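Q: Could you take a close look at one part of this structure with me, the space shut away inside it? I am new to this, so please go step by step and then show me what you find elsewhere.

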Amino acid sequence: MPHRRSIVAALAALAASGALVFCSVPAPRGPNPTADPAPGMPITGSRRARLMQILAHPDDDLFFMNPDTQRMLDAGVPVVCVYVTAGEHDGRNHIPGGGDVTGDRAAYASARHQGLRQAYAALLGLDVFAEWSRGVVALHGGRAAEINTLSDGFRSVELIFLNLPMHSRRSYSALPGLWRDRSLHLRTIVAAGSPMRESVPYDYDALVDVLAGLMERYRPTVIQTLDPDPDIQQSDEQTRKKDSEQRGYSDHADHTAVACFSWAAMVRRVATATEGGGHVPAFVATAYRGYYNRHWPKNLPYGVLREKAAHLVPYGGSPDWDCGNPSGCGDYNVGGVRPLTNKKGWVRSTHYRYPGAGPVVSAEASGRLVAYGVLGLRTVRWRETRPGSGQWGAPDDLGGGPLAPALGAATLKDGRHLLFALRFAGLGGRGEDNRREIVLLEQGTPGGAFLAWKGLGSPERDDDRGRRIGVPVSVASPDGRVHLFVRNADKGISTRVRDTDGRWDRWRDLGGAEVQDGLTTVLDGAGRVHVFGAGRTGVHHWTQETMGLPLTFGPDGGLPVPGDPVAPVPTGDGGIELFYRGPADASVIAVRPGKAPARPRKAGFEGYGPLTAAPGPGGPLLLGRDTHGRLQLRTGRRLLTRTRGAPPLGSATVRTGRSGTTVVGLGADAHPWTWSPGSGTAG
């Protein structure tokens with residue numbers, strides 16, 4: 001096919017119709033079904049893995065969600081991508097090094113869609129100009145959208161273009177306006193060459209209904225979207241515009257609005273499905289940071305980064321390519337080596353908005369494992385079918401929703417479990433409540449039923465600041481107290497402590513330096529509580545002078561800068577050792593905190609992403625991903641790789657016992673898996 005040389009050259013270089021708005025006050029809508037936090041609802045799931053991604057713009061998945069999307073496709077998981085805006089901006093498809101171009105919104109939207117077809121063909125391992133099936137899909141409320149489909153054997157990708165405008169005459173940022181303003185209506189962009197022939201009207205409820213309807217149709221087991229509550233970021237106006245960020249926050253306003261619509265749609269999907277005794281749909285939600293990546297150390301090592309950035313080459317395309325689309329062969333300003341040379345560095349990291357340590361796993365008196373996680377925005381419990389079987393029964397609904405996907409946990413002296421979660425206490429646009437809170441589920445008796453959910457509030461008094469808090473982490477100390485920690489709106493740490501009588505004190509700011517979410521806790525040999533956070537200039541550390549005293553922030557001898565959350569593990573001499581990867585580094589650092597100067601050592605274990613560490617009989621156990629995204633476990637001098645089973649989601653949990661080492665995680669089929677590593681690499 002003509003002009004293939006330009007594709008090869010780009011990859012080689014990498015490796016070495018306007019929007020309309022009309023205003024009227026809509027008729028009052030009947031009350032929407034609302035989330036019910038009560039437990040005991042039935043849960044349904046097909047165990048057929050399917051990924052749905054909900055994006056603001058063409059390319060958000062490639063910049064912010066990969067390499068996760070690639071790993072899903074490689075494992076044969078069907079992928080459905082829903083692009084809410086047309087990505088048309090001012091209609092100018094800028095050619096690097098070229099002069100000014102005339103704005104044509106319909107053509108630029110079409111060129112970006114073509115870029116996505118090229119990128120996903122490459123992700124499937126096919127020719128970038130592979131032929132797609134293009135048509136129109138019917139949506140909720142009589143609406144319709146363009147759909148593109150490409151299959152390769154049992155693997156498939158569907159691209160759905162809702163094509164709402166990025167800008168309108170009434171609201172420059174149209175999607176944020178639609179989230180805030182009940183009277184705002186938008187009409188979609190009709191991309192050049194699209195099988196769609198007419199624009200479609202949308203208001204707030206229509207978009208939520210369409211997204212919820214797509215979830216009902218496709219029944220995904222995993223839903224990936226963007227960050228609904230980005231960090232506070234105060235930049236001068238020139239810097240803010242250069243970084244393409246909204247005023248006051250570290251992300252594009254469209255990312256935030258689409259993430260909020262996505263979470264509202266998930267809430268509506270669950271509420272509608274469970275009306276009248278219906279079943280909770282079994283899906284796992286994941287949110288990814290966006291322009292946040294600009295402000296923190298980069299966490300992808302070069303080999304993984306190169307693969308991620310390479311998939312932006314066919315998306316960017318080139319005006320020299322013969323792709324068959326008269327409106328353009330990609331988003332030209334993104335192609336070539338530009339993702340790697342862009343100073344904003346968005347492509348150089350993949351960060352989760354709600355990082356967690358994997359399922360909460362415990363063992364009953366019989367030895368049967370129990371796992372807790374979040375499914376359908378609700379806490380659930382799975383039990384092994386019998387001790388040591390490695391097989392899991394159907395989930396029991398423990399309620400509490402709508403919840404963020406990561407749980408914190410602590411176990412009291414009497415064996416009772418405490419589960420902590422971040423709850424969307426209010427999630428509404430148009431001036432409605434938009435609040436977050438920390439909630440607690442406490443077991444009434446050891447091994448028995450749980451009590452009612454209890455709200456623990458927020459360290460922030462203002463709802464907007466409260467949206468910025470992180471996921472809870474906790475630890476029970478030997479003196480009977482339970483320490484709860486969350487990242488606060490100032491990017492520091494706040495805490496509440498439960499006394500031995502079960503009463504909680506007030507939220508308290510621990511001060512110290514700014515850290516990313518993904519806090520980790522550990523007890524040392526003296527029973528003191530330690531909390532670690534990944535900062536911009538190093539690992540930051542809070543601890544007690546002696547057990548029972550409040551935690552304080554202290555310098556730690558210049559610990560090396562981390563790229564991801566830190567994995568602490570107690571040592572045999574009563575101390576603590578930390579394991580983590582530095583920025584853009586595939587190798588793991590091992591270092592002991594509290595000693596100046598710090599003496600880090602290389603611990604090998606090449607890969608990317610967060611680590612899990614636990615004490616083992618032959619030294620610390622390390623669990624994480626290799627550079628291909630497969631889980632690997634280092635125990636003593638043995639390195640084992642999980643090569644079978646459902647593709648893992650996020651982090652996993654490692655346990656040691658009489659029967660050896662067991663790893664438990666959640667798969668893309670929204671069901672737990674167990675890996676009991678033996679000899680070789682079978683998993």
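A: Happy to! Let's begin with the lining of the largest cavity, sorted by class: twelve residues are nonpolar, ten are polar and six are charged. Keep in mind as we go that this is a predicted model. The space in this largest cavity comes to about 350 Å³. In total, 28 residues line the cavity, and those closest to its centre are T350, Y352, D564, G609 and P610. If you want to find the walls by element, look for β33 (608-614), β34 (621-625) and β37 (648-657), which each give two or more residues to the lining. Among the elements, β33 provides the largest share, with five residues.

One of those central residues gives us a path outwards. Y352, which is among the residues closest to the cavity centre, is touched by T286. T286 itself sits in strand β12, which covers residues 284-288. Its other contacts, leaving aside residues up to four places away in sequence, are I223, Q224 and T225. Is T286 buried or exposed? The cut-off for buried is under 20% relative accessible area, and T286 has 17% relative accessibility, so it counts as buried.

For contrast, try G40. You can find G40 in the loop between β1 (21-23) and β2 (43-44). Here the relative accessibility is 61%, and because exposed means over 50%, G40 counts as exposed. G40 also shows how a chain can bring distant stretches together: G399 is 359 residues away along the chain, but the C-alpha atoms of G40 and G399 are separated by 7.0 Å.

Now back to enclosed space for a moment. The second largest cavity holds about 70 Å³. Its lining is made by A144, A145, E146, F161, L162, N163, T188, I189, V190, M196 and E198. Two elements, β6 (144-152) and β7 (155-164), give two or more residues each to this lining. By class, seven of the lining residues are nonpolar, two are polar and two are charged.

Next, let's see how strands are put together. Four strands make an open sheet in the order β17-β18-β19-β20, and they pair in the antiparallel sense. At the edges are β17 (403-411) and β20 (454-457), each of which pairs on one side only. From one strand to the next, the twist averages 35°. Helix α8, residues 253-274, lies across β17 and β18 and runs at about 110° to β18.

Inside this sheet, follow β18 (residues 417-427) into β19 (residues 434-442): the two pair antiparallel over nine bridges. They form a hairpin with six residues between them, and in that turn R430 has a positive phi of about 55°. To see the pairing residue by residue, place L418 opposite E442, then L419 opposite L441. On to the next neighbour: β19 and β20 run antiparallel and are joined by three bridges, with I438 standing opposite G457 in β20. How enclosed is β19? Eight of its nine residues are buried, so β19 is largely enclosed by the rest of the structure.

Another strand worth your time is β26 (residues 529-534), where six of the six residues are buried. A handy rule helps here: in a regular strand the side chains alternate between the two faces of the sheet. You can trace the two directions in β26, with V529, V531 and G533 pointing one way and H530, F532 and A534 pointing the other, all of them buried.

β26 also has partners to either end of its own stretch of sequence. Before it comes β25 (residues 520-523), which runs antiparallel to β26 and is joined to it by four bridges. In that pair, L523 stands opposite V529. The two strands form a hairpin with five residues between them, and G527 in the turn has a positive phi of about 80°. After it comes β27 (residues 539-543), which pairs with β26 in the antiparallel sense over five bridges. Here A534 has V539 as its bridge partner, and the hairpin of β26 and β27 has four residues between the strands.

Technical notes. Residues numbered from 1 in each chain as written. Heavy atoms only, no water. 1 Å grid on protein atoms, 1.4 Å probe; cavity = no way out; pocket = protein on both sides within 12 Å on 5 of 7 lines; lining within 4 Å. Points joined across faces, edges and corners; volume = space filled by probe spheres on them. Nonpolar A, V, L, I, M, F, W, Y, C, P; charged D, E, K, R; others polar. Pairing = 2+ DSSP bridges. Axes fitted to C-alpha atoms, helices over the stretch in contact; angles between N-to-C directions. Contact = heavy atoms within 4.5 Å. Buried < 20%, exposed > 50% of the residue type's maximum accessible area, 1.4 Å probe, protein only.
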